[in-house]
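Ready for a few exercises on reading a protein model? Try each task yourself before you look at the solution.

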Amino acid sequence: MSSIKVALLGFGTVGSGVYELINHEQKRLRELIGRPVQIVAVLINDERKQRDIDQDILVTSNIDDVLAQEVDVVVEAIVGVEPAYTYLTKAIHQGCHVVTANKEMFAYKGFELRKQANEQRVEVYYEAAVAGAIPIISTLRDVFKVNRVARLEAILNGTTNYILTEMRENGTSLEAALKTAQAQGYAESDPTNDVEGYDALYKLVILSELLLGKQVNCTTVEREGIKEVNLESIKRASKRNHRIKHVAKLAFEGDKLQLYIRPLEVDEDHPLFAVEGVDNAVVVTGNYVGQLKFEGPGAGKFPTASVMVDDLVDIMQQDQRAVSPVVR
Ligand code: HSE
């Protein structure tokens, strides 16, 4: 029985998590998909760095060498728009399915990438790009068919929510809390993206495109990071029994779409008040379903990696090339 050939692009926190999970879950994956899953290549930046990767697997910095391995699915966990977009475009045109966790690339290029994938009749799955382990992409896709989105409020960055929680609960400084978030593998390689709100902005754009069914320009989102939040302002809010949360919002003023990320003081009745630590949450209101709330880990190696492996399973279960899975 031929195996499903997977190429990993990136071997950082999330990429190495995907590698470990695929190896640990071989039996389960075979039951789910009906065929063994084999990692055939890993694309890395620096070929001199030592990594714990099986010797039979090609480790290279050359994307053409990776794609020459008759790859079925490319699993991408690198940072930034380029070279990721170019690599994935090549993969799609070679008939590979794609699983990505790259929110910046997807916020700018997701629309285009999905169009190309449609034309080439391959899948692009991106559940891990937004809100970590919360299955928000597949859920919103299911729920918002007849429903129209009225508003969305969310916490979309685990690092900033963790920092704000640490500052309030333990009086930790922003800098010290950020260091712990980095040590836990929550923060981006450049944590400016977390602290200044860029990471949450990308995720809000991706959700908005899904909910509105049209391309959303990143420059239309107002963005404010958490740099100006200090222990004093957090204490003042606490005295009123309020909390400061870094909130991403989609709303309509008449017909006008409003998108922003900013620190907001919320009271105890607010659905984001009790969302703490590295958790994310999405509170979305549809015209028929009313308000729905989803909450769970927003960052971290295995929560994110497992979502990518689940995407891989979903794709292969639908793919004609797969044969009779044992379980679904
Ligand atoms: N740095 C991101 C966060 C990782 O803290 O939410 C998950 O996208």
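**Exercise 1. Two odd spots in the backbone**

Task: Work out where E70 is found, and what its phi is near.

Solution. Step 1: E70 is found in the loop between α3 (63-67) and β4. Helices (H or I, at least four residues) and strands (E, at least two) are DSSP runs, numbered from the N terminus. Step 2: phi of E70 is near 55°, which is a positive value in a residue other than glycine. Step 3: now go along to the peptide bond from E82 to P83, which is cis, with omega near 10°. P83 has its place in the loop between β4 (73-76) and α4 (84-93).

A quick word on the ground rules: this is a predicted model, where local features need pLDDT of at least 70 and side-chain atom pairs count only at pLDDT 80 or more, while totals for chains, interfaces and linings use all residues. Residues are numbered from 1 along each chain as its sequence is written, and side-chain values use heavy atoms, with hydrogens and water left out.

**Exercise 2. Sorting the strands**

Task: Find the order of the strands in each open sheet, then name the edge strands.

Solution. Step 1: one open sheet has six strands with parallel pairing, in the order β3-β2-β1-β4-β5-β6. Two strands count as paired if DSSP finds at least two bridges between them. Step 2: its edge strands are β3 (58-60) and β6 (124-125), each pairing on one side only. Step 3: check one edge up close. Strand β5 (residues 97-100) runs parallel to β6 and is joined to it by two bridges, with V99 opposite Y125 in β6.

Step 4: the other open sheet, also of six strands, goes β8-β10-β9-β7-β11-β12 with mixed pairing. Here β8 (222-223) and β12 (290-297) are at the edges with a single partner strand each, so one side of each has no neighbour in the sheet. Step 5: β8 pairs with strand β10 (residues 256-266) in the parallel sense over two bridges, and E222 stands opposite Y260 in β10.

**Exercise 3. Where two domains meet**

Task: Describe the contact between domain 1 and domain 2, going from the whole picture down to single residues.

Solution. Step 1: set the bounds. Domain 1 is 4-132 + 302-323 and domain 2 is 136-297; such bounds come from an automatic or database domain assignment. Their centres, taken over C-alpha atoms, are 27 Å apart. Step 2: count the residues in contact (heavy atoms within 4.5 Å). Domain 1 gives 15 residues and domain 2 gives 24 residues.

Step 3: look at the area. About 1800 Å² is buried between the domains, 61% of it from carbon and sulfur atoms. Buried area is the accessible area (1.4 Å probe) that two parts lose on being put together, summed over both. In domain 1, K103, F111 and V130 lose the most area to domain 2, together 32% of what that side buries.

Step 4: find the charged pairs. There are two salt bridges between the domains (a side-chain nitrogen of Lys or Arg within 4 Å of a carboxyl oxygen of Asp or Glu). The side chains of K103 and D199 meet in a salt bridge at 2.9 Å, N to O. Step 5: ask which element does most on the side of domain 1 that touches domain 2. Helix α5 (residues 103-120) gives the most there, with six residues.
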